[in-house]
Amino acid sequence: MTMSAGWYLRRLSRMGPREVGGRAGDAVRRRRWRAAPPDCPDVTGARFTASLPAGTLAEVPPDAVKRLTAEADRLMDGHAEFFGVERDDLADPDWSYDPKTGRRAPQVYAFDVPYRDEEAVGDIKQIWEPSRHQYLTVLAAAYAVTGDERYAERVAAHLRSWWAANPPLRGVHWTSGIELGIRLLSWVWIRRLLDGWPGAAGLFEDDPVARRQIWHHQRWLAAFPSRGSSANNHVIAETAGQFAAACAFGWFPSSARWRTDALRSLERQLRANTFGSGLNRELATEYHGLVLELGLAAVAEADAAGVPVPASVRLVLLRMTDALAAVVDNRLRPPRQGDADDGHGLVVDGTGTDRWASLLATGDVLFGRLAWWPAVTGTDVRTPLLAALVRPYPGSGAAPAVSRPASRPDRFADAGMTILRGPEEIWCRCDGGPHGFLSIAAHAHADALSVEVRHDGVDVLADPGTYCYHGQPAWRRYFRSTLGHSTLQLDGADQSVSGGPFLWTRQARSRVLAADPSGDGVARWSAEHDGYQRTVHRRRVELTPASRELRIVDEVRGTGRAARLAFHLGPAITAELAGNRAVLTWTGDGEDRSAVLDLPGGLSWRAHRGESDPPLGWYSAGFGRKEPATTLVGTGFADGTAEFTTVLRFHG
């Protein structure tokens, strides 16, 4: 996908003067570096001292070790899966190759690489992901817990291969700050986990090639921070990686300054990216997880290096952890809201480790669990490693002495999220919050007033997910569209106006009118948005626990419009539609389950499944993966006083 002149003008219109000035300075610096790239200073006596405390590895649970080594052995055989594409070439990878398209990114000056153009480069996510080196942290962790030097030797061979193939400022891996930041964090942990291997020092601090790579990564991040309208999760990854490297690899004349500047930025950006309630401002749940992982890793690095961290950093991470504990369903699954690209901050676990359970387990150790937190029964490798580095703090456990919720929150007013809960683990998320974060709302979807409903962790009314970012514009438009969510579309238009795959030029404004998630016998929520000019869409949701009934009422006020009301079912749901009634069946925990969905009679209903032209009836469980799922769409006309009532009844 190449970006048109119109896109650049729209993108420029979302920037303020300070951001424009900063980007102009970046352009000048890029031209200067082409002619005269910065030089890494010579250093002597470099040492790595940020080791794990003695006895840490013995705390890793045996079943977590088993999952880790199984994953490591698969990697040793050259097998891995990235975004739905199975790789069998990881024994000796080509770092610029995209197996999905068969294309290779050009090895030219980094800022000349057209990384958004799939025709020229390939699928950039497929190329970038292995070079985050998180599969190497898995191999390094496997060495740490087993002592098997095969894992360490493979890590060393791949790092040396990568450094040789990607000299500073050459090629696609020097184009995006988030990639450099996460890669630096991976290198810090690789060095830590290989600490008992005789070749560790020779691979890192005693190798001038490694030192040069580490220095150039940090110099790049100091020169080209994500700015203004782009200061979202990317800037957190950049500053966390910069800070971690400046702590653990503090060998350079600029290390102290980089460490200070990165920590200052991290503290400011964590606050800016997080609501007071603890939810991430991008309103994209996977980025909540990414930012939390990065923040926890940064704090662990600070403590390992003895660098004081502002109390506000720990407070934000505490609130993010409590918010995560509050919004998950009974299976520890959080909302599927906004963009999701399977991005992780630190990976040391094998396949089958639950990401959200792992974060809550870490939060329990670092901050202390509250009485209302859900139980976490799974195990992981990462929690004992992080816990070993974080020092105890005043207050309860490792947490600062702050006020925390006495009972489980179900309304997050600043984020516009309300969770309704009922018997038999009925879980319903109602969306009445801001469209997204910052002026471009890069990772937002046009999903105002959408609902997401689960029964015992099974998606019944589902958020379809994300699927892709670059290279497939029709699919990108669909998965972030209004029709691609369980809400009302008018006149075939999205509620918010897209200006590009990560750009919204007009954003719908939502307003929660009432929220009483623990009402007397009935949990209620209502909200409205102004995305359809001269017409207001208002939605009421009522959950009656006694009857296991969810009622959704959509009102249209203003100018009459053609209407399409969509309800996306999860991939496990089978639907039999007859007229305006759908019988839903699925299997949960080996038992047959069912529900009836009574749809508004004023609309003409049709089931769609796995359609591609145009896309409709799909579910993406993870980035790069999609599968057919049933979407029920009612079409008709909504006059200025229209009201559509939908009732979902779960059977006992």
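Is Ser 496 buried or exposed? In this predicted model, Ser 496 counts as buried, because its relative accessibility is just 2% and the cut-off for buried is under 20%. As for its place in the chain, Ser 496 belongs to the loop that links strand S10 (488–490) to strand S11 (497–500). Its side chain has a couple of polar partners. One is the side chain of His 435, joined to that of Ser 496 by a polar contact of 3.3 Å. Another is the backbone nitrogen of Ala 508, which the Ser 496 side chain reaches at 2.8 Å. Both His 435 and Ala 508 also turn up among the contacts of Ser 496 beyond four places in sequence, along with Ala 446, Trp 504, Arg 506 and Gln 507.

Glu 576 makes a handy contrast. This residue sits in strand S18 (residues 574–578), and it counts as exposed because its relative accessible area of 58% is over the 50% cut-off. Once residues up to four places away in sequence are set aside, Glu 576 touches Arg 581, Ala 582 and Val 583. Val 596 lies 20 residues from Glu 576 in sequence, and their C-alpha atoms are 9.7 Å apart in space.

Next come the helices. Helix H13 (residues 285–305) and helix H16 (residues 382–389) have axes that come within 8 Å and cross at roughly 40°. That angle falls outside the range under 35 degrees that would count as roughly parallel, so H13 and H16 are oblique to each other. On the H13 side, the residues involved are Glu 293, Leu 296, Ala 297, Ala 300, Asp 303 and Ala 304, and they meet Arg 382, Leu 386 and Leu 389 of H16.

What about the cysteines? A search of the whole structure turns up zero disulfides. Cys 247, for one, is in no disulfide, and the nearest cysteine sulfur, belonging to Cys 40, is 18 Å away. Cys 247 is buried, at 13% relative accessibility. For Cys 428, the closest cysteine sulfur is that of Cys 430, at 3.9 Å; a disulfide needs the sulfurs within 2.5 Å, so this pair is too far apart for a bond. Cys 428 is buried too, with a relative accessible area of 1%.

Finally, a word on confidence. The protein has a mean pLDDT of 95, with 98% of its residues reaching 70 or more. Residues 395–399 are a weak spot, with pLDDT below 50, though the stretch still has 10 contacts in the model beyond near neighbours in sequence. Where pLDDT is low, the predicted coordinates should not be read in detail.

How values were computed: Residues are numbered from 1 along each chain as its sequence is written. This is a predicted model: local features need pLDDT of at least 70, side-chain atom pairs count only at pLDDT 80 or more; totals for chains, interfaces and linings use all residues. Side-chain values use heavy atoms; hydrogens and water are left out. Buried means under 20% relative accessible area, exposed over 50%, partly exposed in between (1.4 Å probe, protein chains only). pLDDT is the predictor's confidence in each residue, from 0 to 100. Contact means heavy atoms within 4.5 Å. Helices (H or I, at least four residues) and strands (E, at least two) are DSSP runs, numbered from the N terminus. A polar contact is a pair of N or O atoms within 3.5 Å; within protein, one must be able to donate a hydrogen and the other to accept it, and residues adjacent in sequence count only if both atoms are side-chain atoms. Axes are lines fitted to C-alpha atoms, for helices over the stretch in contact, and angles run from 0 to 180 degrees between N-to-C directions. Angles under 35 degrees count as roughly parallel, over 145 as roughly antiparallel, 65 to 115 as roughly perpendicular and the rest as oblique.
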